[in-house]
Amino acid sequence: MTDTLTLRRPDDWHLHLRDGAALAAVLPHTAAQFARAIIMPNLKAPVTSTDLAAQYRERILAARPAGSRFEPLMTLYLTDNTSTEEIRKARASGFVHGCKLYPAGATTHSDAGVTDIRRIDAALEAMAEVGMPLQVHGEVTHADVDVFDRETRFIDEVLAPLRARLPTLRMVFEHVTTRSAVDFVRAQPQGVAATITPQHLTYNRNALFQGGIRPHYYCLPVLKRERDRTALLDAVLAGDARFFLGTDSAPHARGTKETACGCAGIYSAHAAMELYAEVFEDARALHRLPAFASEFGARFYGLPLNEDQVTLRREPLEIPAHYPYGDDVLVPLRAGERLRWRLA
Ligand code: NCD
Ligand code: ZN
């Protein structure tokens with residue numbers, strides 16, 4: 001039995017850092033584990049321009065713990081009005097590494113998102129032209145589509161036609177949750193990858209209802225069936241370079257989760273690598289973790305691999321019941337439990 005695993009410092013290819021006091025509360029967790037992270041742009045006033053991304057980036061850099069060299073990789077939030085000039089400006093900036101498609105109404109702070117993909121044809125064409133990756137929240141939002149089918153319907157109605165129209169547009173299918181998403185990504189000859197969260201590798205939708213309703217297991221896309229979870233696991237266990245780490249760590253104050261209409265989002269930044277290590281170990285595939293966490297994502301984004309290393313040790317890690325979060329607290333994934341791995 002392996003008791004230590006040393007790997008290149010990993011990166012998180014899908015992360016929510018929020019802003020202000022929340023940013024200050026959560027950034028130290030990510031900065032302690034990861035060298036870089038793709039920063040989601042869904043702030044309350046979304047990050048829709050290169051100038052806003054530059055300002056947000058400065059606030060993140062200023063919130064880093066002393067001595068940290070953590071590098072935020074910024075993204076733009078696409079709207080119906082994103083111009084081709086903005087795409088070119090973002091590309092030229094050097095610090096914007098993708099543009100995020102939120103279908104309007106699909107998730108937290110997506111009201112300003114895209115109402116119909118055909119409205120952003122010009123922006124997407126410009127992205128393909130300048131080599132700017134598209135990050136996709138892949139869910140349709142029609143009221144008549146079952147919430148558990150939203151990802152699969154999105155593939156048929158939006159993603160596959162987009163691929164056919166613009167085969168040169170590189171895209172990351174974010175936080176994939178279904179067998180159909182895994183199949184879709186696998187069927188693409190090149191230019192399409194996917195991020196996978198710790199929760200979607202670990203749990204099926206039963207977790208939402210274990211002995212009562214469990215708001216801390218609620219995220220979007222929502223947890224799916226066991227056969228979907230095993231499809232995700234198979235994809236990463238095969239060592240397929242198109243599937244890489246993206247926690248989708250999405251902090252929400254306890255009061256906004258434990259309420260009649262709770263927010264979507266699971267917080268995992270406090271123990272991201274430890275959570276992935278447990279899943280990979282349980283599947284007897286710890287040897288697949290280094291490339292998933294530290295190589296595949298960087299290669300897809302055309303960024304250098306990190307040179308320094310981190311070590312995971314088989315040591316108990318106690319997860320607190322909550323962390324401070326502005327005026328409230330934040331309940332992390334596996335709160336009050338003990339994990340088997342610890343990042344040194
Ligand atoms: C995210 C958030 O809270 O910003 N929530 C979530 O459940 N994943 C938004 C998102 O990534 O969909
Ligand atoms: Zn997210």
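This passage describes the fold, selected strands and several individual residues of a predicted model of one protein chain.

The protein chain contains twelve helices and 15 strands. Its radius of gyration is 19 Å, close to the 20 Å that the globule rule gives for 344 residues, so the chain is as compact as a globular protein of that length. The C-alpha trace spans about 50 × 45 × 40 Å along its principal axes. Of the 344 residues, 58% are buried. When contacts between residues at least 6 apart in sequence are considered, 72% of them join residues at least 24 apart. The exposed area of the protein chain is about 13800 Å², and carbon and sulfur atoms supply 49% of this area. The chain carries 40 positive and 42 negative charges, and the mean positions of the two sets are 3 Å apart.

Parallel pairing was found for two pairs of strands near the N-terminal part of the numbering, taken here in turn. Strand 2, residues 12-15, runs parallel to strand 3 and is joined to it by two bridges. Within this pairing, Leu15 has Ile39 of strand 3 as its bridge partner. In a regular strand the side chains alternate between the two faces of the sheet. Strand 3 comprises residues 36-39; Arg36 and Ile38 point one way from it, while Ala37 and Ile39 point the other way. Each of these four residues is buried, whichever way it points.The second parallel pair consists of strand 4, residues 71-77, and strand 5, with four bridges between them. Met74 stands opposite Val96 of strand 5 in this arrangement. Six of the six residues of strand 5 are buried, so this strand is largely enclosed by the rest of the structure.

Antiparallel pairing is found in an open sheet of three strands, which has the order 1-10-15. Its edge strands are strand 1 (4-8) and strand 15 (342-343), each of which pairs on one side only. Strand 10, residues 309-313, is joined to strand 15 by two bridges in the antiparallel sense. Arg313 has Arg342 in strand 15 as its bridge partner.

Backbone geometry was examined at several loop positions. Leu220 and Pro221 are joined by a cis peptide bond, with omega at about -10 degrees. Pro221 belongs to the loop between helix 7 (198-202) and helix 8 (226-237). Two histidines have positive phi values, although neither is a glycine. For His109, phi is about 55 degrees. This residue lies in the loop that runs between strand 5 (96-101) and helix 4 (121-130). The relative accessibility of His109 is 31%, so the residue counts as partly exposed. For His175, phi is near 35 degrees. His175 is located in the loop between strand 7 (171-173) and helix 6 (179-187). With a relative accessibility of 2%, His175 counts as buried because the cut-off for that class is under 20%.

Two further residues were considered for their surroundings. Thr2 lies in the segment before strand 1. Its relative accessibility is 43%, and Thr2 therefore counts as partly exposed. Apart from neighbours within four places in sequence, Thr2 is in contact with Arg314 and Trp341. Thr2 and Gly297 are 295 residues apart in sequence, and their C-alpha atoms are 25 Å apart in space.

Asp240 occupies a place in the loop between helix 8 and strand 9 (243-245). At 14% relative accessibility, Asp240 counts as buried. When residues up to four places away in sequence are not counted, Asp240 touches Arg186, Ala235 and Phe296. Asp240 and Ala335 are 95 residues apart along the chain, and 31 Å separates their C-alpha atoms.

Definitions and conventions
Residues are numbered from 1 along each chain as its sequence is written. Chains are lettered from A and ligands numbered from 1 in the order in which they are written. This is a predicted model: local features need pLDDT of at least 70, side-chain atom pairs count only at pLDDT 80 or more; totals for chains, interfaces and linings use all residues. Side-chain values use heavy atoms; hydrogens and water are left out. The radius of gyration is taken over C-alpha atoms; the globule rule is 2.2 Å times the number of residues to the power 0.38. Buried means under 20% relative accessible area, exposed over 50%, partly exposed in between (1.4 Å probe, protein chains only). Contact means heavy atoms within 4.5 Å. Accessible areas come from the Shrake-Rupley method with a 1.4 Å probe; for residues, only the protein chains shown count as cover. Lys and Arg count as positive and Asp and Glu as negative; His and the chain ends are not counted. The place of a charge is taken as NZ of Lys, CZ of Arg, CG of Asp or CD of Glu. Two strands pair if DSSP finds at least two bridges between them.
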